[in-house]
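Please load the model in a viewer and keep the selection panel at hand. The stops below are given in the order in which they may be selected.

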Amino acid sequence: MHTVSRRRFLQISSATVGLAETGAAAGHLAGQAAAAGEAERGVRKVPTFCDICFWKCGAIAHVKDGKLWKIEGNPEDPLCRGRLCPRGTGGVGAHFDPDRLRTPLVRRQKRGQEVWTAVTWDEALNVVAEKMNAIKAKYGPEAVALFSHGIGGTFLKHTLKAFGSPNTAAPSFAQCRGPRDVGFALTFGEEVGSPERTDIRNSRCLVLIGSHLGENMHNTQAQEFAEAVGAGASIIVVDPRFSVAASKAKHYLPIRPGTDLALLLAWINVIVAEGLYDKDYVAAHGFGFEAFAAEVLPFTPEWAYPETGIEPGVIRETAREMARYRPATLIHPGRHATWYGDDAQRSRAIALLNALMGSWGRKGGFWSPASMDVPGYPYPAYPVPAKGKVDNPGRKYPFATEAITTGIRHATLTGEPYPIKGWMVYATNLIHAMPNEAETIEAIKALDLLVVVDVIPSEIAGWADVVLPETTYLERYDELNVEVFREPFVALRQPVVLAPHDQKPNWWIARKLAEKLGLGAYYPWQTIEEYLEHRLKRAGMSLAQLREKGIVRGARRPVFYEEGLAPEFPTPSGKIEFYSAQLRDSGFDAVPKYKRPAAPPEGSFRLLFGRSPVHSFSRTQSNPILHEMMAENEVWVNASIAARLGLASGSVVRLRNQDGVRSDPVKVKATERIRPDCVYMVHGFGHTSRHLTRAFRKGASDAQLITRYETDPLMGGTGMNVNFVSIEAEA
Ligand code: SF4
């Protein structure tokens, strides 16, 4: 074993992955040609599903003369219908990215210096298992937590549960869609889910509140949005920024940031006061409507005007527009809903507005999800943890339905309600994903073990004690995607090409670690193919079938009430809860109430952030193809403000937040397309990992500037649009 810097290490060529060990039917691939001692010739097409984001679009990878060539959409796939988004098309770049992690690494230097020793898989996993066992002996198995993102984390979760820890979390709950799902579940008894159960393509009136579809590239939704626009749907967009979606809108409402709940209440007020709601639907399915109607009485458009900046006439006109098309009126629930800390209640107001339209369960509104029954592979029961989950002690956030990442971080920092001493992090760059980077780093310093499993050397990998390089999705099998969608289907991810270095698939890593922890009984299958075959067979399918087609679709069933689906609302009342007794009984507002947000201090602007159609989170900026499409972000500044500050498009500035944190230099986009009281950036740029050579210090990081957050009292989500920045011209 020798000590090398990561940069030096990346230059070391590694042995090719053994086909048998990784269960590589990638082998299937070039394997046959290789076995015959011949170079692979011609074009081979391999169906799989994309992993550049979590949407899991069906894809057909093309291999030309043995080399990965291009990726297209799988026409059989109901999610993408044969068309990938720009990021998915650029997925080839993930395989070829020269910056990707190549071999297991163990830290011997100070944490955060990005210097490790290259080791074998056996050595790396021995270190992880020894440290996990040491933590278990001293603090109990619950003291190891897993942060994970996407379907690839399935097997690591399995290993951690077998180890005896209940602490697994994903930033997608407390930092993203959690408040939305809680707000809808409090109203209809069910979450919006992922993919969202929105019937955009059939909606005749689509309302987007801060949801920049098209830039926020969820393939199915972007395609359906285009269809709805093409079919003449009335589009209403509410956003402080004139987004791409706003350019398609009949009504664009440039709302004052933080006042969305006031607008929603005013819309509800108009619809109730003017009797524009679906009376039959509300009478049949609603609970507590009278009390609700009384509560929204004061929130007139005139009341909302000074809050939102939206004129009463516009509020009335847009409310009537929604009512005109009901029930095919869809007030989109959004996805990244963690804005101001009142997010579950704001989402509940969106749910209530949809309830008034009668759009839940109706065509052009929300479908009911369908999925195929694919039994799991049997394994022994998990041990029952001696301690409960660490993230939400005493159910402080009573309506949290998933683990709260920041709760685990808090326990790591304080040792309360019990210590967390080990983090395993899979495919999520926590430094960019969680608010208050300094707090995350402090928590890491309190750990005995940080293991990062990833494809690229992200910022969180820079702090790891052990880095385990994963194969890209094009080089591995994964857990089956038993999708929950408007029609049921099962999809297979399978290896297309071999991993270029000593990377391993997540399932292999999770299994080997389990074996080293003495938990091999939890992996009774011999190969991943056997595991997949077993599951598929019990559902009446076969691995060969999936390998060939990538996707097997199930029988369609009614997904709307119009099609015969029976309405069901698993709330305490069994109905749509216009008035929520469970919220009232927990000390919260039974009907959402608006609280005015803090205004930007003099000379400051509210920092808003969002998505680009060519990047996913902070995970793709080093992908050579996607980098070429968008190498850095810009800060959007209102043109009049820019002029006042002596700035123009292309001027370089730094942003300084209310706590004195200063961003990297970033170019200005001076534009009329944003209100003067806020600035906007695409999330995920401004990388500080030296080993992301292409993305290093390109653009600025919004995450660095998000030092403050407001915690949602219902479910523990972190509202992050509460930071303010001033603009400093760079000399
Ligand atoms: S939306 Fe784009 S990046 Fe995400 S899975 Fe689909 S094709 Fe891939």
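**A tour by selection**

The model is a predicted one. Begin by selecting Phe289, which has a relative accessibility of 11% and therefore counts as buried, the limit being under 20%. Add Phe292, a buried residue with a relative accessible area of 0%. Both belong to helix H11, which spans residues 289-295. Because they are three residues apart in this helix, about one helical turn separates them. With both side chains displayed, inspect the rings: they form an aromatic pair, with 5.7 Å from centre to centre and 50° between the planes. The pair is classed as tilted, because its angle is neither under 30 degrees, as for stacked rings, nor over 60, as for edge-to-face rings. Across the whole structure, a search finds 29 aromatic pairs.

Next, select Phe155, Tyr377, Trp507, Tyr523, Trp525 and Tyr531 together; these residues make up one aromatic cluster. Keep the cluster visible and add Glu530, which is located in helix H20 (residues 528-538). Is Glu530 buried or exposed? Its relative accessibility is 31%, so Glu530 counts as partly exposed. Which residues does Glu530 contact, once its neighbours within four places in sequence are left aside? They are Tyr377 and Trp525, and both names also appear in the aromatic cluster. Along the chain, Glu530 and Tyr377 are 153 residues apart, while their C-alpha atoms are separated by 9.9 Å.

Two lysine side chains form the next stop. Select Lys279 with Tyr277: the charged end of Lys279 sits over the tyrosine ring, 5.3 Å from the ring centre. Then select Lys669 with Trp636, where the charged end of the lysine sits over the tryptophan ring at 4.7 Å from its centre.

Finally, colour the protein by domain. The domain assignment gives domain 1 as 194-367 + 560-585 and domain 2 as 605-729. The C-alpha centres of these two domains lie 29 Å apart. To display their interface, select the 25 residues of domain 1 that are in contact with 26 residues of domain 2. The size of an interface is often given as the accessible area lost when the parts come together. Here, domain 1 and domain 2 bury about 1900 Å² between them, with 59% of that area on carbon and sulfur atoms. How many salt bridges does the rule find across the interface of domain 1 and domain 2? The count is zero.

Definitions and conventions
Residues are numbered from 1 along each chain as its sequence is written. This is a predicted model: local features need pLDDT of at least 70, side-chain atom pairs count only at pLDDT 80 or more; totals for chains, interfaces and linings use all residues. Side-chain values use heavy atoms; hydrogens and water are left out. Rings of Phe, Tyr and Trp (its six-membered ring) pair if their centres lie within 6.5 Å; planes under 30 degrees apart count as stacked, over 60 as edge-to-face and the rest as tilted. Helices (H or I, at least four residues) and strands (E, at least two) are DSSP runs, numbered from the N terminus. Buried means under 20% relative accessible area, exposed over 50%, partly exposed in between (1.4 Å probe, protein chains only). A charge sits over a ring if NZ of Lys or CZ of Arg is within 6 Å of the ring centre and within 35 degrees of the ring normal. Domain bounds come from an automatic or database domain assignment. Contact means heavy atoms within 4.5 Å. Buried area is the accessible area (1.4 Å probe) that two parts lose on being put together, summed over both. A salt bridge is a side-chain nitrogen of Lys or Arg within 4 Å of a carboxyl oxygen of Asp or Glu.
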